[in-house]
Amino acid sequence: MTTEKEKMIAGEYYLAGDPVLVKDRRKSKNLLHRLNVTEYRITKKAREIIKELIPNAGANLYIEPPFFCDYGYNIICGENVYFNVNCVVLDCTKVTIGSNVFFAPGVQLYTATHPLDAELRKTLENALPIIIGDDCWIGGNSVICPGVTIGNGCVIGAGSVVTKDIPDNSLAVGNPAKVIRKLNLEK
C-alpha cells in the first residue's frame with residue numbers, strides 16, 4: 001500500500017494531515033526556528049542545521065535567514081547555491097536546483113498545488129516538481145510555480161511569475177514570465 005508521503009513525492013493526491021507528514025513538517029519547523037531565530041547569523045552551528053534540514057545538497061549551500069520550507073528533504077541542490085533573505089520553498093515534492101544558482105531576496109518556489117474541484121480541495125492536495133538548471137539567477141520576489149523547469153544559464157527578472165518552462169540561456173521577465181531574449185550566446 002502506498003503511503004501518503006510516497007503519494008506526495010510522486011505528485012499524486014495525498015492527505016497533508018497524515019501523521020507522518022505532520023511529524024516531518026514539525027521537524028522542519030523546529031530546525032527552521034533554530035536557523036531563523038536562535039542562530040540567525042551563519043555560524044558553524046547554523047551550517048549544521050542547514051545540513052540536517054537539507055541533507056541532499058552539494059558543497060557550499062548558503063542560506064541567509066530567514067528561510068522557509070515545508071520538509072527540506074525534497075530540496076536537492078548542486079554546488080554553490082545561494083538563497084538570500086526571505087526565500088520560501090514549498091517542497092512537497094522534489095525541487096532540483098543545479099550548481100551555481102543564486103536566489104535574490106523573497107524568491108518563492110511552490111511545488112504545492114490544489115485540486116480545482118472545491119470538494120476535493122477540502123481534503124486533498126498534490127505537488128508538481130520544480131527543476132532549475134545550472135548557472136541561473138532568480139531575481140527578487142519572483143515566484144516559480146508548480147511543475148516548472150528553468151533551463152541552464154537562465155536569468156529570471158525581479159518580480160516575475162514563472163508559470164511555464166523556460167529554455168536554456170534565456171532572460172525571462174513579467175507576469176506571466178516570458179522570454180525576452182537569449183543569453184550566453186557566443187559572439
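These legends go with close-up views of salt bridges in a predicted model. The count comes to three salt bridges. Side chains of opposite charge can pair when their charged atoms come close.

**Close-up 1. Glu4 and Lys7 meet in a salt bridge.**
The pair sits in helix H1, which covers residues 4-10. From N to O, the distance between the two side chains is 3.0 Å. Glu4 and Lys7 are three residues apart, so about one helical turn separates them. Glu4 is buried, with a relative accessible area of 14%. Lys7 is partly exposed, at 22%.

**Close-up 2. Lys5 and Asp24 form a salt bridge between helix H1 and helix H2.**
Here the N to O distance is 3.1 Å. Lys5 lies in helix H1, while Asp24 lies in helix H2, residues 19-39. The pair therefore ties together parts that are 19 residues apart in sequence. Lys5 is partly exposed, with a relative accessible area of 27%. Asp24 has a relative accessibility of 16%. Asp24 counts as buried because that value is under 20%.

**Close-up 3. Lys122 and Glu119 are joined by a salt bridge.**
The N to O distance in this pair is 2.8 Å. Is Lys122 buried or exposed? Lys122 is exposed, with a relative accessible area of 61%. Glu119 is exposed too, at 53%. Both residues earn that label because their values are over 50%.

Notes. Residues numbered from 1 in each chain as written. Predicted model: local features only at pLDDT ≥ 70, side-chain atom pairs only at ≥ 80, totals over all residues. Heavy atoms only, no water. Salt bridge = Lys/Arg side-chain N within 4 Å of Asp/Glu carboxyl O. Helix = DSSP H or I, 4+ residues; strand = E, 2+ residues; numbered from the N terminus. Buried < 20%, exposed > 50% of the residue type's maximum accessible area, 1.4 Å probe, protein only.
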